[in-house]
Amino acid sequence: MGNPFVFQQDNDPKHSSKLYKGLLEDKEHLGILKIMTWPPQSPDLSPIEHLWDFLDIKAKAFQSTSATHLWQYLQDA
């Protein structure tokens with residue numbers, strides 16, 4: 001990867017702990033890596049996230065009478 005390489009994370013609270021952040025900061029101080037500054041909870045660039053969001057909106061708007069009915073609706077969507 002080369003030394004130092006740039007480490008990027010999304011800073012989402014559920015993905016980071018004080019222990020983990022401390023480890024990364026130690027590695028940065030030693031010159032092993034550089035931590036890229038990234039805003040907390042930045043928009044996800046993963047295409048699948050857009051699909052899940054679309055289906056979530058559709059499911060909330062749909063008045064389902066059963067799980068089977070909802071599943072068929074989501075497959076059609």
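What span should the 12 residues of helix H1 have at 1.5 Å a residue, and how far apart are its end C-alpha atoms? In this predicted model, helix H1 covers residues 18-29, for which a span of 16 Å should result, and the end C-alpha atoms of the helix are 16 Å apart, which agrees with that expectation. Just after H1, Gly31 takes a positive phi of about 80°.

Helix H1 belongs to a protein whose secondary structure comes to 3 helices and 2 strands, and these elements follow one another in the order β-α-β-α-α when read from the N terminus. Of the 77 residues in the protein, 12% are buried. The exposed surface of the protein comes to about 6500 Å², of which 61% is supplied by carbon and sulfur atoms. Among the contacts with a separation of 6 or more, 54% are accounted for by residues that stand 24 or more positions apart.

One approach between distant parts of the chain involves strand S1, which spans residues 5-7 and includes Val6. Although Val6 and Leu33 are 27 residues apart in sequence, their C-alpha atoms are 5.8 Å apart in space. When the neighbours within four places in sequence are left aside, Val6 is in contact with Lys34 and Met36.

Helix H2 is the setting for the salt bridge of the model, a search having found 1 in the structure. This salt bridge joins Lys60 to Asp56, with the closest N and O atoms 3.2 Å apart. In general terms, side chains of opposite charge can pair when their charged atoms come close. Both Lys60 and Asp56 lie in helix H2, which runs over residues 47-61, and because they are 4 residues apart there, about one helical turn separates them. An α-helix has 3.6 residues a turn, so residues three or four places apart point the same way. As for solvent accessibility, Lys60 counts as exposed because its relative accessibility, 63%, is over 50%, whereas Asp56, at 35%, counts as partly exposed.

The same helix, H2, also holds Ile48, a residue that is partly exposed with a relative accessible area of 39%. Together with Leu51, Trp52 and Phe54, Ile48 forms a nonpolar patch on the surface, and the accessible area of these residues together is about 390 Å².

Ala59 is likewise located in helix H2, where it is partly exposed with a relative accessible area of 25%. Leaving aside neighbours within four places in sequence, Ala59 is in contact with Leu70 and Leu74. For Ala59 and Leu74, which are 15 residues apart along the chain, the separation of the C-alpha atoms is 7.1 Å.

A search of the whole structure for aromatic pairs finds 1. The pair consists of Phe62 and Tyr73, whose ring centres are 3.9 Å apart and whose planes lie at 5°, so the pair is stacked. Because Phe62 lies in the loop between H2 and helix H3 (67-76), while Tyr73 lies in helix H3, the pair ties together parts that are 11 residues apart in sequence. Tyr73 counts as partly exposed, its relative accessibility being 27%.

Note on methods. Residues are numbered from 1 along each chain as its sequence is written. This is a predicted model: local features need pLDDT of at least 70, side-chain atom pairs count only at pLDDT 80 or more; totals for chains, interfaces and linings use all residues. Side-chain values use heavy atoms; hydrogens and water are left out. A salt bridge is a side-chain nitrogen of Lys or Arg within 4 Å of a carboxyl oxygen of Asp or Glu. Buried means under 20% relative accessible area, exposed over 50%, partly exposed in between (1.4 Å probe, protein chains only). The expected span of a helix is 1.5 Å times one less than its number of residues. Contact means heavy atoms within 4.5 Å. Accessible areas come from the Shrake-Rupley method with a 1.4 Å probe; for residues, only the protein chains shown count as cover. Rings of Phe, Tyr and Trp (its six-membered ring) pair if their centres lie within 6.5 Å; planes under 30 degrees apart count as stacked, over 60 as edge-to-face and the rest as tilted. Patches are made of residues with over 30% relative accessible area and no salt bridge: like charges are joined within 9 Å, nonpolar side chains (Val, Leu, Ile, Met, Phe, Trp, Tyr) within 5 Å.
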